Structures are given as C-alpha cells and as structure tokens.
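Student: Could you take me through the enclosed space in this model, and then a few residues worth a closer look?

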Amino acid sequence: MSVLVGGGTGFIGKRLVTLLASSGYDVTIVSRMPGLNRITWHELEAHGLPKGTTAVVNLAGQNVLDPTRRWTPGFKQNVWNSRVNSAASMVRAISKTPAEPGVFVNVSGVSLYPPAAVDAKETFDESDPGVEYDFMSRLCFAWEAAATVPDFTGWRGVRVRSGVVLGRHGGMIGNIYLPFFLGLGGPVASGNQPLPWIHIEDLCAIILLALKKADISGALNAVAPQIITNGDFSMAFAKALRRPAAFRIPESVLNLMFAQERAVLLTTGARVASQRLQGLGFEFQYPKIEEACLQLVGRKR
C-alpha cells in the first residue's frame, strides 16, 4: 500500500512514517518544502494524489499551544486554516484522482466533547455527537466536515479523535519536561479537570489499524482506557522523574499566557473513552499513565 501523509515531518508524523515504513508501506509526505519522497501542498492541489496512492493520513495543523505565539486574530485563523484547509485539500485530491478505492484517516481532537464539571461522571464515547460550545469545538466540527470523503470516490473515511499525545520528543511532554526535571512542575489550575491522553506509540498503532481493517470507518476516539485528571498525570510524571510536583500553575497565569480561549485546552477537559477500540480488541501498549510516564523518562518499573 502506498500512503500519503500530511504533516509527516511533525511530532506525530515522524513516528508514524517510521512505523509505516517498517510495516512495509511506501510513504510519501506532503510538506511545505519539496524533497525525497515528498510532494508540496501546491503539487497536491495541482496534480492530485501521487500515482498508486491507496491511503491518505492527515496530521497537519499549527501547534495551538505554541508559547511563542500570541493569540491574535491572525494566529487563530492560521490554526483554523492549517487544519480545515489541509483536510479539504486532501479530500479534493482524492475526489479528482483516478485511483482504486482507499482510506482517508484524518486525525483531529476531542474538544467537541463538552468539558466535565469537577464532580461529573459522564463519559463520552464515539456514540456521542459532541456539541459546539467554543472556538476549539467549532474547529473540530469544521475539521471533520472538511475531511468527509464523498461517497462517489469509494473511499472510506476514518475520523481519529486523539487525546493529548504523550511522547518524549514533542507535544505536551516537550514543553513540560525541563520544569518537571528541575522539580518545578505540578498540576494545572485545580488539577481536577479530566485529561484525555494517549501514548504516541498507541496512537500510531491505531492509525495503522485503521489503514489495515477495511471495516473501520467513522469516528474513533484515540484515548487510553485509563481516565485520569491533570493532577493524576502530574503526580505520575513527577514520580517517574523522581521529583516533587508541588508547583501548581494558577488558571489566571495560563489565561494571561495563552488567552482564555485556548488556555481551556489546559484548564478544562472531558471524560472520554473509546467503545470502538474496545470492540475491536485493540491492545494498548501503554494503558496506564504510570507505565507511559516511565517510558517517557526512560525508566522501567
């Protein structure tokens, strides 16, 4: 199978491309810059899918929580366009390129599920339609709408909704590793907000499963089976590093740093589960946060 990967040079994309290549797939990356086994977004728009492509994965998107970028109208538009436009571009390429029926996997987030109150026990799975309640939830709906493949193509579409991705070389861990290593880490805001999460190895394995199994389509929540809070994660990560987790970050500081509209990604969260992965018999390599954190810091139990 020949796979086209949008965002293949990013944090998740690099690991996925390595997994696909080791699994016998031919991989082409869509990138802003041309290169070996790459095409540009302009080339994709102009010429469609590379010949022989039977699978497309979209991981493209501007880092929302980039601490170096202010939450300006221009940056908000870039966050929106980088997700919605990339998905739409891939769907257009699939629609106009003569090819055998294939699969399009679009990786988005879980922000369409409303945040839980501190004492709430409601858990959302793939059967819940979600709700538009803020910028990030509206983005998720627009993102998935743009990634909808027309029926006439014969392609199946898989909407992978990922929790916070934990990996040593990027994402949230890349931002917090040094403070926690120095003993300056701790919970965010109250620490009681749910934190839907998944290890990067499990996310890539789920994407690979979606490519392989012809009966998988529609929404798929890529979240670990263990539902935790931000405080639970902070304690587990600090323990794995053998450090304290005493420095709580006030919500007001995060609202000042990121602006409240995107700080909600840190200060709120929903209880999210995946009934479909359970039904598919998917086996997580890192089902528990303690095991994941030990791997992230290079330790064994």
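**The cavity and some single residues**

Tutor: Searching the whole structure, which is a predicted model, turns up one cavity of 30 Å³ or more. The largest cavity holds about 60 Å³ of space. As for what surrounds that space, the lining includes Pro194, Leu195, Pro196 and Trp197, then Val223, Ala224, Gln226, Ile227 and Ile228, and also Ala270 and Val272. Sorted by class, that lining comes to 10 nonpolar residues, one polar and no charged ones. Gln226 is the polar one, because Gln isn't on the nonpolar or the charged list.

Val272 gives us a handy link to the next stop, since besides lining the largest cavity Val272 is in touch with Asn221. Asn221 sits in strand β9, which covers residues 218–222. Its relative accessibility is 0%, so Asn221 counts as buried. Leaving aside residues up to four places away in sequence, Asn221 also touches Tyr113, Phe124, Asp125, Glu126 and Arg161, plus Ala273, Ser274 and Leu277.

Now for a bit of backbone. Ala189 isn't a glycine, yet its phi is positive, near 55°. You'll find Ala189 in the loop between α5 (171–181) and β8 (197–199), and Ala189 counts as buried because its relative accessibility is 9%. Arg242 is another non-glycine with a positive phi, about 60° here. Arg242 belongs to the loop between α7 (230–241) and α8 (251–258). At 63% relative accessibility, Arg242 counts as exposed.

Technical notes
Residues are numbered from 1 along each chain as its sequence is written. This is a predicted model: local features need pLDDT of at least 70, side-chain atom pairs count only at pLDDT 80 or more; totals for chains, interfaces and linings use all residues. Side-chain values use heavy atoms; hydrogens and water are left out. Helices (H or I, at least four residues) and strands (E, at least two) are DSSP runs, numbered from the N terminus. Buried means under 20% relative accessible area, exposed over 50%, partly exposed in between (1.4 Å probe, protein chains only). Contact means heavy atoms within 4.5 Å. On a 1 Å grid over the protein atoms alone, a cavity is a set of points where a 1.4 Å probe fits but cannot get out, and a pocket is an open set with protein on both sides within 12 Å along at least five of seven lines; lining residues have an atom within 4 Å of a point. Grid points are joined across faces, edges and corners, and a volume is the space filled by probe spheres set on the points.
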